[in-house]
Amino acid sequence: MAEYIISCCSTADLTQEHFDNREIHYICFHYSLNNVQYADDLGKSLPFDEFYRAMANGAETKTSQVNVDEFITYFTPFLEQGLDILHVSLSSGISGVFNSANIARSELLEKYPDRKIYIVDSLGASSGYGLFLDKLADLRDSGTEIDLLYDWAEAHKLELHHWFFSTDLSFYVKGGRISKTAGFVGSILNICPLLNMNHLGQLIPRDKIRGKKRVVEEIVNQMELHAQYGSNYNGKCYISNAYCYEDARAVADLVEARFPKLNGKVEINNVGTTIGSHTGPGTVALFFWGDERKN
């Protein structure tokens with residue numbers, strides 16, 4: 001048994017069962033829906049379908065990251081048990097939580113100087129961040145020590161690809177990512193923006209594609225272009241969806257047809273309430289191992 005724990009934020013968007021089976025610990029972000037406060041706790045406090053229906057009906061959402069005091073409270077019991085910690089944070093390109101975790105680390109190492117606490121900036125989000133953690137759990141289970149696991153994580157995190165598309169532009173307008181005029185025209189023309197995460201862990205628009213069928217094909221084309229071994233990709237593939245399971249299923253079916261050596265079926269998860277507060281319903285995200293993200 002490893003003498004350390006692997007930890008993350010709830011924004012890795014895996015199920016409770018998945019976290020439990022892989023022995024991955026997590027700490028919850030927070031959000032509010034129409035000024036009512038909730039923990040981003042994998043849909044336990046508020047089911048995902050209720051959350052996204054409320055957003056579609058105009059509910060206001062706000063999110064807040066894990067603060068320093070919460071990290072100290074969360075990390076302390078593991079340290080008191082004599083366990084070291086490898087914590088992987090949501091991307092610093094979209095959140096300040098990496099800094100909060102590092103401040104907590106510095107304070108705790110003064111109190112527990114014999115312990116090791118590593119904080120990794122995943123430069124990822126949602127179930128892509130979750131797929132990264134799943135690989136770290138594989139390496140831990142194979143006997144990799146925490147120092148080597150930290151080194152591996154830092155060396156390979158940019159090989160995890162995150163591609164997204166949305167079929168609902170209203171939340172891009174609401175969040176200020178596109179203008180009202182562009183959103184109106186895009187909706188009339190059935191434009192689905194295709195985005196990915198760059199090497200800084202920032203979400204970057206890459207293309208504007210007309211029609212859901214075409215964007216489903218294009219996101220899988222990007223996987224074939226960037227995946228390790230191309231169409232012979234033999235790793236795992238995860239998908240997240242924000243209240244649009246049929247769209248996610250269409251992507252999964254095409255991935256499974258296009259990549260016959262895939263390691264198991266595509267795993268489809270929900271976009272959690274923190275990430276979903278910004279994307280809104282109608283978002284599908286595809287995650288896989290590939291070439292190193294450069295920009």
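User: What makes E4, E3 and E5 one open sheet?

Analyst: Three strands form the open sheet in the order E4-E3-E5, with antiparallel pairing. Strands are DSSP runs of E with at least two residues, numbered from the N terminus, and two strands pair if DSSP finds at least two bridges between them. This is a predicted model, in which local features need pLDDT of at least 70 and side-chain atom pairs count only at pLDDT 80 or more, while totals for chains, interfaces and linings use all residues. Residues are numbered from 1 along each chain as its sequence is written, and side-chain values use heavy atoms, leaving out hydrogens and water.

User: Why are E4 and E5 called edge strands?

Analyst: Strand E4 (36–39) and strand E5 (61–64) each pair on one side only.

User: How do you know that E3 pairs with E4?

Analyst: Four bridges join strand E3 (residues 30–33) to E4, and the two run antiparallel. Pairing asks for at least two bridges, so the condition is met. His30 stands opposite Ala39 in E4.

User: Why is H9 called oblique to H10?

Analyst: Helix H9 (residues 212–226) and helix H10 (residues 245–258) pack at about 40 degrees, with axes 10 Å apart. Because angles under 35 degrees count as roughly parallel, over 145 as roughly antiparallel, 65 to 115 as roughly perpendicular and the rest as oblique, H9 is oblique to H10.

User: Which residues of H9 and H10 make the contact?

Analyst: Contact means heavy atoms within 4.5 Å. Among the residues involved are Val216, Ile219 and Val220 of H9 and Val251, Leu254 and Arg258 of H10.

Key
Axes fitted to C-alpha atoms, helices over the stretch in contact; angles between N-to-C directions.
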